[in-house]
Amino acid sequence: AKEQGRNTFRFYSSDMHASALELLTLSSYLRHALERDELYLVYQPQIRLVTGEMVGVEALLRWKHPDLGVIAPDRFIPLAEETGLIVPIGTWALKEACFQAAQWISRGLPPMRVAVNLSAKQFRNPGLVATVRTALEQSGLPAHLLELELTEGMLIENIASTHETLKALKAMGVTLAIDDFGTGYSSLSYLKHFPLDRLKIDKSFVLEMAEKSGDSAAIVQAIIALAHSLKLTVIAEGVERQDQVAFLKQHCCDEMQGFFFSRPLKSEALEELLQKCMQG
Ligand code: C2E
Ligand code: CA
Ligand code: CA
Ligand code: CA
């Protein structure tokens, strides 16, 4: 590229061409991922801080391509969102999570809440409420054990229709959490108008909590206080160390999720962990 010297246009244009081609390839692979059974879910435990018991799991998508290996969701979810593939993929993930959670119960394991991430396109899709209802009916999972994770940005986009959708979901009995809380829009007024259940403190604050500056610790404390004053429960994500656990306990955070307790696990491994927890 250097010898092209001043011809920066050609440099950038060929560079962009390569990455566009890569994206095109990835999206055509992604188109087939569902039908070829290349997608699966992993489950990360959520722990109640005062008792140490596992109260839920978050379902996280994985894509294992036969040649490319495991592709992280940060690479393919934005692509799926752009191409609209997120709607069928998200529907699959929702059903899969509900069936898995119902299966754990039918095997005698303690009932676990299962949290499923929704993308913006999925949330705005008019079929969403029916899709959720179908997933619950077909799996037999009690609605109160399904949690949907939304982000702040999704909520404020069209307040009126957002409110309708959230009301319909709540009427079904599912719970609603705000993911990555604190990183999105600064308007907090929506919090008291929408029928929410839980705030998830974004891991960026949790990871920096113990740092000298103290800003993140102050933010974490403020989010916990805010949640409680609005009668919402609060969960911290990205908990990796004992000192973070201690801090969260001290400030009355309700739940935690992170590598400290467990990485996201395949369903069989999570089931084993649940069995062990039951034995004491
Ligand atoms: P997220 O919803 O914020 O999920 C939490 C991410 O943090 C997960 O990354 C998880 O593996 C990671 N994590 C968990 N504990 C720790 C920890 O202690 N330290 C650190 N550094 N990270 C931790 P993952 O699985 O790579 O997912 C990335 C993002 O992809 C998710 O962020 C979510 O936005 C999106 N995603 C994943 N599955 C789905 C899905 O089914 N549907 C949609 N729409 N998005 C999904
Ligand atoms: Ca999430
Ligand atoms: Ca998150
Ligand atoms: Ca996220």
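How are the donor residues of the calcium ion (ligand 3) spaced in sequence? Let's start there, keeping in mind that this is a predicted model.

## The calcium site

The spacing of the donors reads D-D-x56-E. The calcium ion (ligand 3) is coordinated by OD atoms of Asp179 and Asp180, and Glu237 appears twice through OE, with distances of 2.1 to 2.6 Å. Distant parts of the chain are linked here: Asp179 belongs to strand E6 (residues 175–181) and Glu237 to strand E8 (residues 233–237), 58 residues apart.

Asp179 has a second role, as a bridge between the calcium ion (ligand 3) and the calcium ion (ligand 2), which lie 4.0 Å apart. Both Asp179 and Glu237 are buried.

## Aromatic pairs

The count of aromatic pairs comes to three. One of them joins Trp63 and Phe76 edge-to-face, at 5.6 Å centre to centre with 80° between the planes. Trp63 sits in strand E2 (residues 54–65) and Phe76 in helix H2 (residues 73–83), 13 residues apart. Trp63 counts as buried because its relative accessibility is 0%, and Phe76 is likewise buried at 0%.

Tyr190 and Phe194 form a tilted pair, because their ring centres are 5.9 Å apart and their planes meet at 45°. Tyr190 is buried, with a relative accessible area of 4%, and Phe194 is buried at 6% relative accessibility.

## Charges over rings

Two basic side chains are worth a look. Arg263 lies over the face of Phe259, 3.9 Å from the ring centre, while Lys266 lies over the face of Tyr40, at 5.3 Å from the ring centre.

## An exposed helix residue

Ala171 is part of helix H7 (residues 159–172). Ala171 counts as exposed because its relative accessibility is 69%. Its C-alpha atom is separated by 22 Å from that of Ser189, 18 residues apart along the chain.

Key
Residues numbered from 1 in each chain as written. Chains lettered and ligands numbered in written order. Predicted model: local features only at pLDDT ≥ 70, side-chain atom pairs only at ≥ 80, totals over all residues. Heavy atoms only, no water. Donors = N, O, S within 2.8 Å, 3.2 Å for Na, K, Ca; no water. Helix = DSSP H or I, 4+ residues; strand = E, 2+ residues; numbered from the N terminus. Buried < 20%, exposed > 50% of the residue type's maximum accessible area, 1.4 Å probe, protein only. Phe/Tyr/Trp six-rings, centres within 6.5 Å; stacked < 30°, edge-to-face > 60°. Lys NZ or Arg CZ within 6 Å of the ring centre and 35° of its normal.
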